[in-house]
Every structure is written in C-alpha cells, then in structure tokens.
6 protein chains.
Amino acid sequence: MPVVVRNIARAPQQVIDGLARAGVATVHEAQGRRGCLASHMRPIWAGAQVAGSAVTISAPPGDNWMLHVAIEQVQPGDLLVLAPTSPCDNGYFGDLLATSAVARGCRGLIIDAGVRDVRDLTAMGFPVWSRAISAQGTVKETPGDVNVTIVCAGQTIHAGDVVVADDDGVVVVRRDEAEAVLAAAEARLAAEEAKRARLAAGELGLDIYNMRPALAAKGLKYV
Amino acid sequence: MPVVVRNIARAPQQVIDGLARAGVATVHEAQGRRGCLASHMRPIWAGAQVAGSAVTISAPPGDNWMLHVAIEQVQPGDLLVLAPTSPCDNGYFGDLLATSAVARGCRGLIIDAGVRDVRDLTAMGFPVWSRAISAQGTVKETPGDVNVTIVCAGQTIHAGDVVVADDDGVVVVRRDEAEAVLAAAEARLAAEEAKRARLAAGELGLDIYNMRPALAAKGLKYV
Amino acid sequence: MPVVVRNIARAPQQVIDGLARAGVATVHEAQGRRGCLASHMRPIWAGAQVAGSAVTISAPPGDNWMLHVAIEQVQPGDLLVLAPTSPCDNGYFGDLLATSAVARGCRGLIIDAGVRDVRDLTAMGFPVWSRAISAQGTVKETPGDVNVTIVCAGQTIHAGDVVVADDDGVVVVRRDEAEAVLAAAEARLAAEEAKRARLAAGELGLDIYNMRPALAAKGLKYV
Amino acid sequence: MPVVVRNIARAPQQVIDGLARAGVATVHEAQGRRGCLASHMRPIWAGAQVAGSAVTISAPPGDNWMLHVAIEQVQPGDLLVLAPTSPCDNGYFGDLLATSAVARGCRGLIIDAGVRDVRDLTAMGFPVWSRAISAQGTVKETPGDVNVTIVCAGQTIHAGDVVVADDDGVVVVRRDEAEAVLAAAEARLAAEEAKRARLAAGELGLDIYNMRPALAAKGLKYV
Amino acid sequence: MPVVVRNIARAPQQVIDGLARAGVATVHEAQGRRGCLASHMRPIWAGAQVAGSAVTISAPPGDNWMLHVAIEQVQPGDLLVLAPTSPCDNGYFGDLLATSAVARGCRGLIIDAGVRDVRDLTAMGFPVWSRAISAQGTVKETPGDVNVTIVCAGQTIHAGDVVVADDDGVVVVRRDEAEAVLAAAEARLAAEEAKRARLAAGELGLDIYNMRPALAAKGLKYV
Amino acid sequence: MPVVVRNIARAPQQVIDGLARAGVATVHEAQGRRGCLASHMRPIWAGAQVAGSAVTISAPPGDNWMLHVAIEQVQPGDLLVLAPTSPCDNGYFGDLLATSAVARGCRGLIIDAGVRDVRDLTAMGFPVWSRAISAQGTVKETPGDVNVTIVCAGQTIHAGDVVVADDDGVVVVRRDEAEAVLAAAEARLAAEEAKRARLAAGELGLDIYNMRPALAAKGLKYV
C-alpha cells in the first residue's frame, strides 16, 4: 500500500518565483484568503522567503524513512512537505538530510513535526518551517507515501502544489491556480503602494476605504 | 451598542517614559507583583522596550475593522492594545496598518491574537507583542469597541492605563498609580545596583538577604 | 523534609567538555536515542552550546527560594537544573541570580518554568533553556530540595548527571555513562563526515544505507 | 497589602434565581454576547445549573490559604470564584473545604485552577467548574485577596457580580445589570418557544429569519 | 465566491449503517489505518455510535450563518460536518439548530469548534463531536461554503464521504471506498471473535501472533 | 538493548489494597505531597478506584508491540503503566488487549498516550487513565522495554512501585515506602473525620486550624 509517485506536474518556475517574491500574506489574500497552514508552523531562522513545488511526504510518527525516499524525487526548486500520520514532535530531519536535499536542488522543508541540527541548518541557509525543534531521533521501520495528497497543518496539499513560506508562515496554492494567483498578487501589491503612501501621510483607513458610513449603519457610536 | 470613547485621560509623558526605562520586570515588582500579561504574549522582534498609554480595542474573532477606528484615536506616545472577544490567532495587523499607526505617533501594538508582515514590521522598527504570527486575513463586518475596559491576556486594561513592554513580555500599570509605581521602580533599580555588585563579588544571596535562619526554621537540612 | 545534598560526584571535566562539543543531537543518538528533555525547553538566545554537571533543584510553583540555596552548591562548570513540583511559568530567575551564579562559575540554567530579564541575560552571555519567558515574580516561603533526583521536562535527572544543551534543546547523560557516551559520540561524528561528503556529492541515502531492498520488502511501490 | 473586603453588595435573590433558570447561553446572549468565561472551565459533574453572588478570591499559584478566609465571607446563595495570580492546576479545593462551604450556604465553586476529591464532591452534589482536576496539594504561606476585582478565565469579575454556570460553562453578569439582563433573558426564552415549534415542524431558519436576500447580496451562489 | 453545492452523491444507506455498526476503531483499521480525525474531537455525551453522509461546511471564525444554509441541504441520514477557516471555540450550534436539523433527518454534528446547549442536546439524543463546549455566541455576517471539500480536525472530507463517530472519536471513509471498507471491517470483526476467545482463555498475543521470533530478531532480551 | 525484566519485587497485597481504599489525594498528602502524575491523565470512565504494582513499559511513539510483551509479565493485582518515548496520542490499547490483560489478573492501565474501544472497556469495567482517547492504530516494529524505570506524565516510576488511581488522577508510591505511606494515610483519614464534623457544623477552618494570627502576621487586612 505505501507508494511513491514519481512523475508529478509542476507550475512554471517563473510563476513559482513570482509567488515567492509576493510573500505569504499577499498570496493568501490574492487567492481569496485561503491556504494558510496553521500558525504553529514557524521558521527555524528569520528572513527566508521561498516558494517551490511540493514533494509531499506522509510518514508515521517517529519514523523518518520516507525522507530518504522523497529526496530522490526532488527536482531543483522543489520544497519537501512532510505531515506525520499522527501528532509527533520528533526531529525527523537534520544536517545530513539537508546536505542531501541541497545536492538535489531542494529549497527548503515544511514539516508538521520536529527538526534538529538547527544551528547547522541555519549556517547552511537551509530554511525550515516546523511545529517543533527537537533532537529526539526517529526509526526507519515503516514506509509511508511520497507525492500523495496530504493534510499538513490544516491544509490539503497535493504533490506539485506551490508552497510559499516566509516569516509569516506558510501558504499553499493549487498548481493550476498558481498563474492566476500570481497575477492577483501582483495587482494587489501595486494597489498597496498608493495606499501605503496615503497612510504614511497621515490619511486614515477610515477615509481611504470610506468606512464611516458602514460603521454608522452598524450602530457604532462615538462618545 | 458598539462604542468609541474619544477623550481618555493619560499619565504624564515623563512618567510613561520613566516606566519604559525601568522595564517590565522591575515595574511588575514595584507595583507589588501585579499586572503581568500572560506569558504567551511575545515580541515579534527582540530588543524593543516601550511604554505608552493604552488605546484599547475589543474586536470579534477574525474581524479587524476596529483597528482602523482605533488608529484615529491614537495620540503620539500611545500603544494600541487589542483583545479579541474569543480566542483567535488571525493576522489582524500588518504593514499598512502599522504605516498608518506610525503616522499618528503610535509606539507599538499589544494584541492577544495574531499579526502578519512581521518582516516589514521588523524593518520599520514597529514593535508588536502578540499571541501568534499568522498571515490569515480578517473581515470587516462587525464593529467592536474602542477605549472601553478590556481583558487582554489575563489582565484588565482601561483606556489610558500605562502599558510597558520589553523582551520579558507586557505589564499594565493603572494610570493613577503610574507616578507612584515609577518612584518605587526607580528606588528598586537603585537598590539593585548595590546588590548586584555584592553578588558579582561572590557574596551569596543567602547571606545578603539573611535567609539561613528562615530556611532552618522551615526545616531545611543539609546532608 | 526539605534537604540540600552538599557533596555530589561529577564526571571528569574533559568528558563534560567533549560532550558539549558533540552537541545535543549527537549525544542523544550516541546513547541510544535516550535522554532528550521535552521540546518545549527552548534557549532564550540562539547559539549557546554548553555542558555541565547538574545541580538539581525541586521547587514549589511560584517560589524561587531554593535557587539562592542551590547557587551555594555550584562549582565551576556546573549547570543549575530546576523542576517545579507542578506546572508553573513564573519568572524564577533573572539578572541578579545570574550575576550570583556566574560568580560561582555556573555555566547556565535549565528550568522547566519561566525566566525574566532576558535582555540582560543575553547581554551577559548567560544561557538559559526554559519553558517560558515571564516577568511574573515569585515568593520565598517554602523550601524545596537541592541535589535530589528530579524529573525535569520528562527526564529523570540526578545531581551530577551531565546535561548538554544547544539550539536543539537539552539532553541528559548519566554520570557513570558519560565517558562511554562521549566515545560513541566522537565515533559517530567521525562517521558522519564521510557520509556528509557523499551526500553533498549527490549520492542518495537510499544507496549509501542500502535501503531499497528493505523498503521493497515492506511493500513500497513506485508508480 | 492583602485585603479582605467584608461587606459587598449583592443582587436580589429572585433575580439571581431567575438567571440560574435561564442558563448560561441565554444569559450570555441576553446581555449582548458578553461575559463568557473561557471554554476550559468545565463542570466536574454534569447537570448542575446554578447562579450566585461572587465571593472573589485572588490566590498565589499553589497556595489555597485564602479559601479558608473567603468561606467566612460567604452568605447563603453565594458562589466562590477563585483566580490564581499565575497559571496553576493544583487541587486547591476538596471535600473538607466543600463541607465548610456548604455549611455557610455556598452554592458552588468557580476556579481557574484545579480541584480534587471529585468523587466526594459529586456525591455531595457540590458543583465545581474548573480548569483541571488534580490531587496535587497546596501550601498555606502567602495571603491573597478576597472580594477584590479579579480576572478569572478571561473575564473581569467584581465581588457581588452574578455568576451563572451550567453544562455550557460560566458567564458573569454585572450586579447592577442583573435585573435588566434577566428581563432580556426571559423575553428571549419566550421568543425561542415559537421558533422552536416552527423549526421542529420543518420550517427552515433561512425562511424564518429571512436570510436568503442577505446571503444573495453577499454573493452566495447555489450550484 | 461562497458557494453551496446542492446535489451530492451519497453511499448506499445499508453500507453507511454497516459502518456505524462496525465503529470507528474497526473502520479505521479496515481501511489501512487512515482517516481518524484529531483526538480533540470528543462526544458531548457518551454512548452514541452513528454514521452518515457528510454535508460539509466551511465557516469563518465566530460566524455560524452557514449552518442555516447547510441544514436545507441535509437529507435523512446525513451528518453535518463543520470546519472553521481558522481556530475558534465559539458555540456555533445549539438546541434550536438541532431542532431544525432533526426535522430534516440529520443524525448528528461533527464540528472542529464549539457547541452549546449541551444539556438540551443530550436530552434530545442529538450526538455532537466537537473541539469545545462554549456558550459564546456567533454572528451571521460572512458567507462560507457548503458541500465543498474541507479539512476538519486534520482530515480532508468531501461532501458525501461517510463519517463514522462513536466514543473513540471520528473517522472518515471515502464515498467510493465505503463498500470495500465495510467488507474489510466485517471480516475484521469476525476474525477478532476467535482471537478474543483465545485471549480471554489466557493465551498470550505473543503466541497467537507468533511475535517471539520477530522480537528476538530485533534484539529484545529477557533478564 | 531493549530489555524485559522478569522478576520484580512487589509490595504486600494488603498494603496495596489499603492504598487503593485511601485514594489518590490522601496518599499524595500522606507521603509529603509527592508523586502525582500530571493532571492530563484522566480516567476514561468515572468511579474506578484502584491500586496495583506497576508493570512498566517504555514504547516508541505509535508502536504498541511492548504491550503484548508486558502482559506476559503481569501478575494478579498489577497495573500496566506505559510511557511513550516521545509525545504521542495514538490508541495503543483496546478491547482485545484488555481481554488479555484481564485474563492475567491485571487491574487497569495507566498510559501517557491514547486508548480506544472505550465503550467496550467501560462495559468490561476495565479502568484506564490516559492522556487521550483515539482510534488511531499503531505498528509493531520497534521493541522497547518492560519493567525498567520510566518517566510517566512527569513522575519517575520503577517496576513494582505502587500506583494508585481514582477520579482525581494517579499517584505513585515507592515500593519500599508503601507500608509507611499507608499508615500515614490511614492516620490522616482518621484525623479528617473529626475535622469534617466540625466544619459541617459551621465551624471555620480559620478557627479550627488557628490561622488568624498567622494571616495577620503576614499583613492580611479586613476592610
């Protein structure tokens, strides 16, 4: 029953790179406020901003065998995305696996479990978003799946979906929506520029967005 | 029923600034070990140490409308303090709202919910203490209240109370006690200097504070 | 009934120093994947990597009296290790206690509770691994124990056990196993060097560790 | 500084009893969706539905001394309401204190900490809403306060406020609003009867509340 | 963008009823140890054991409008399954909605948020599995979706999937796998009977399953 | 390295039975307020009150193999006590294992993880105290240890220690202290009888325990 899907479709690289530049919050808004992974997914070091095609992994609690399997499926520009089949904070991934992943062109790891060797990973510039940091080791006894659809930190992720991650967390974009989402994100960024200038000049959101009538209609009183 | 209170009393600015210099732990002790917000309130970047008059906000879960309303009420030196009406980790606040808040002289945000755009907020030097970091967006559908008394992270906060925040977290000081608390804090800081020197020289707290008789009286044995 | 044990055995200093160099993840693996404290034990600043003999403390919730007692028992190279008798996130320890501890040669603090004055502790270079950061103060009313066996963050720790801590968390090594664990850790580090080079060159863990037959035997299919 | 306030005002008994009959959810709605304590406050046995005037207690973590002090202040029909000054799950209260409280006419306990002897308390029919059940004992070393304003499980509670509790949790009503809230609650209960009958007959809320136009206006599509 | 899908496919009723009889643990094992919702999903009363076709709901935090919309889509034998778009413990559902749901033939509710009126729901025999019990009310301001694919408590659920729930929690079965899973579950139940008798007679699992050689091969020693 | 210790010492049966009668809270107090497991350990059904000699199990996350091994070591009157080597909420134990355990005379299970088949276990009258209820199944791939010293829910437990459990949770008593603890517990129960009668008659703890002078000395004021 455990399975590795070898050929997955990916979004165009320039779309993926555009989504990385747009960042998590903008991409999330651009696709209709969807796709954010749970807020417990935090970067192990600050400042990384990446996007990549998801190579998905479903693994048992406390068993990191499938990471070795998954790395073979990585193409340059991909992100590894691991969800354990039940809650676990073990350190599934460390500097040796990162060395191997980097050699395949992997851009980072999203894992709803733990990682270790965080000082080394930081020195390597290898970004990770995880639920936990833990040195607790794992076994290699039970196969799982690679490139099947998983639920990671509250979001469904298909192999080849675009995952975007930065200091705000992680968001997933469906592969076949990636181009449209990028267009919406870029439009949003452009629109924000003008608003930012007006806000910086002291104009209020209440006025820019004409909120006062709606607030009054909902009964807001000033005293 | 939703209401905005426009005129609130504030503590004298030099008192507020003195409390900022004293820092959270000292202020907390100086007022009789009261006023600390819950320890889940963490800074989004390290090193900020601020104090300000609270402009309070009560907002529904997942609705950030009242932040726009509150910013109009900010005066230079104020802090925004938001409590959701039920637990929520959405990203209520990001770089556009921060730009607007800074234009009004706002010194920072205390929010028992989530924020986003943390890289931008960090670059701006805008300090935030929050329960979560999340890109998850919010709606603008239901008004709340501004400058009413709220409970934020386990503490009652009135509009105009002085809120102090640093890397240790957040503490609230009643507006009419602020001057007395500052005096007590400064006395405490002065007293600590002498103790620090003695401790650095190797003298023990057991001796400086004369703890040995009390410990013996409570039955402590050395074996 | 409260007791302070004054004379505890310690591992040889060069063994302790060797374990510090090996780091938490390697030491944990070297002793058979045992000894990791729970992953909620996080450093208050990044980059510290230390080991020391445990001076253990059992203290009531919200009472830091025994830290003063324990510091008298510290010898150069020791670590303070505190477990509250029930869950508590109060700030038991701050810059004054750190000043005193440093004067005795203490290398750091492991505490399954809270600390405060983290900016000062960071500036002093005094490392702490804790469950929480909190300015909430404590009382000095109820004695506890020093240098008895405790459970700290899920691990039994005896006085004089070697505790190793870095950015991955904290691990405990039994005093009488420390030398053997160090030997195993150093062997492991040496073996990793060769593997790292092969992985960096693009060789897969699947091949280096000859995992393919075992995976096939467990039913893994490629599609 | 620790203080016991002896004379507190209470709401009329028939108002309190009416609020008990209305129950938590109805009272919460009737006062404008305010006043619910956090959902971690759960009854130790099912089926109790009570209301009473709050005798408030602020106590240190792991110290139940003030419960003895507070019981002297109880009048028939009161509820004890305890908030620790920092998070604690110790068993502050058991069958002996319950026996004493019942002798004073106390109707129950609301405690944002732990209780014990739950089998005895259940057999006595003494209702408790708590954060935890724990046999862990407490000390009697540090006084706190009785009948001061506290924050309990996220709500400000003044001495003499009316607290209502049932299987849905706990809600607080300001003493001087209690009569008006009761009137609103009773009106709400009456109005619900007609709606319940229509819903039971198969009519939809969509039609009873005329929601279809508003949903369409907000863009809801049927496919 | 908010959408209601009106026509969904359902599994045959006798298959659904068979899965209900098999229960959660057996169904979970029978489909290859997949499909369990997170363990925080608990029944509000003990003893219910149900299965039904999922009418799925995606709703904003603190907004229960879509429950009214969803109830119109319920057919006899269905279960309502609600996931909020971000974590929320508000009481979305109470006795009036339950009355309406029952009138449509609804068998129960699965909700990764809160419910209220639990005494009434218990008296009605209406089963609910939820994350929380809370009287906190919700608004009706923002539409969501009905009968789209959702992630609820860590599992992807499509409209029309079969959801099984009992005192062990909740499991989801894909609609088009339901018949095969039922067959496997019934086979499993039959096989368990013989094992139960042998175990009851004192035979050991070690011998029934012939585990001793495998344990020895993995290095287990008896001392 | 995995090991099963076959011959363990046990406390006298009448001492164990006496501790069961005394109950968790009394035993905990009688041994100096020590030994309570964390409060997340809750009974799956109410009303059980048991004690037994601990047959301890250390098991990997998501792997219940060692339960089969441990059951062979059970003697009539024992309790199984399982701690996973890292946090896990899987359902390690269900009705088949319970049937086997009962056949060996096992009195119950203490598990810092999950259980399933709770309806069957309840019908059997087999008591379990656990961290979670979950149908999620486990594998049988990695041996652990039986009858070694473990840390379970924050307490060190040696094989043969006496574990007492009731509706208040779980407490451990060292085997060689069991007799003395029982004597202290029985003395405590006897002493409580007189106090209960006085409290029931309306006398206050303040007077029975003569607390007023100590409270005044610590500064308590009545206003």
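# Notebook: chains, contacts and a few single residues

I began with the pair A and C, and found that 36 residues of chain A and 33 residues of chain C take part in the contact between them. Before going further I noted for myself that the whole model is predicted. The area buried between chain A and chain C comes to about 3,000 Å², and carbon and sulfur atoms give 58% of that area. I then looked up which residues of chain A contribute most, and these are A:Trp65, A:Leu96 and A:Arg119, which supply 20% of the area that chain A buries against chain C, more than any other three residues.

Next I asked what movement lays chain A on chain C. A rotation of 120° with 0.0 Å of shift along its axis superposes chain A on chain C, and the RMSD is 0.0 Å. The two copies are therefore related as by a three-fold rotation axis. As background I wrote down that two copies of a chain are related by a rotation about an axis and a shift along it.

**Entry on chains E and F**

I turned to chain F and chain E, where the contact takes 36 residues from chain F and 33 residues from chain E. Between them these chains bury about 3,000 Å², with 58% of it on carbon and sulfur atoms. On the side of chain F, the residues that lose the most area to chain E are F:Trp65, F:Leu96 and F:Arg119, and together they account for 20% of what that side buries. Chain F can be laid on chain E by a turn of 120° and a shift of 0.0 Å along the axis, with an RMSD of 0.0 Å.

I also looked up two pairs that do not meet. Chain C and chain E have no contact, and their closest C-alpha atoms lie 13 Å apart. Chain B and chain F do not touch either, and the nearest C-alpha atoms of chain B and chain F are 13 Å apart.

**Entry on chain A as a whole**

For chain A I counted eight helices and 12 strands, and I noted that its C-alpha trace spans about 65 × 40 × 35 Å along its principal axes. Of the 223 residues in chain A, 64% are buried, while the accessible surface of chain A comes to about 7,400 Å², with 51% of it belonging to carbon and sulfur atoms. When I took the contacts in chain A between residues at least 6 apart in sequence, I found that 75% of them join residues at least 24 apart. Chain A carries 21 positive and 24 negative charges, and the mean positions of the two sets are 6 Å apart.

**Entry on helix H4, in two chains**

In chain A, helix H4 covers residues 95-103, and A:Val102 lies in it. Is A:Val102 buried, partly exposed or exposed? Its relative accessibility is 43%, so A:Val102 counts as partly exposed. Leaving out residues up to four places away in sequence, A:Val102 touches A:Met124 and A:Phe126. A:Val102 and A:Phe126 are 24 residues apart along the chain, and their C-alpha atoms are separated by 8.0 Å.

In chain B, I looked at B:Ser100, which is found in helix H4 (residues 95-103). B:Ser100 has a relative accessibility of 3% and therefore counts as buried. Which residues does B:Ser100 touch, not counting those up to four places away in sequence? They are A:Leu199, A:Glu203 and B:Ile71.

**Entry on helix H1 of chain C**

Helix H1 of chain C runs over residues 13-22, and its buried residues include C:Val15, C:Ile16, C:Gly18, C:Leu19, C:Ala20 and C:Ala22. I followed what the buried residues of H1(C) pack against, and in chain C these elements are helix H2 (24-30), strand E3 (50-59), strand E10 (162-166) and helix H6 (178-200). After H1(C) comes C:Gly23, whose phi is positive, near 85°.

**Entry on two positive phi angles outside glycine**

C:Asn147 is not a glycine, yet it has a positive phi of about 65°. I placed C:Asn147 in the loop between strand E7 (145-146) and strand E8 (150-152) of chain C, and at 6% relative accessibility C:Asn147 counts as buried.

E:Ala153 is not a glycine either, and has a positive phi of about 55°. The loop that holds E:Ala153 lies between strand E8 (150-152) and strand E9 (155-157) of chain E. With a relative accessible area of 8%, E:Ala153 is buried.

Note on methods:
Residues numbered from 1 in each chain as written. Chains lettered and ligands numbered in written order. Predicted model: local features only at pLDDT ≥ 70, side-chain atom pairs only at ≥ 80, totals over all residues. Heavy atoms only, no water. Least-squares fit on C-alpha atoms with pLDDT ≥ 70 in both. Helix = DSSP H or I, 4+ residues; strand = E, 2+ residues; numbered from the N terminus. Buried < 20%, exposed > 50% of the residue type's maximum accessible area, 1.4 Å probe, protein only. Contact = heavy atoms within 4.5 Å. Areas by Shrake-Rupley, 256 points an atom, 1.4 Å probe, with all protein chains shown as cover. Lys, Arg positive; Asp, Glu negative; His and termini not counted. Charge placed at Lys NZ, Arg CZ, Asp CG, Glu CD. Buried area = accessible area lost by both parts, 1.4 Å probe.
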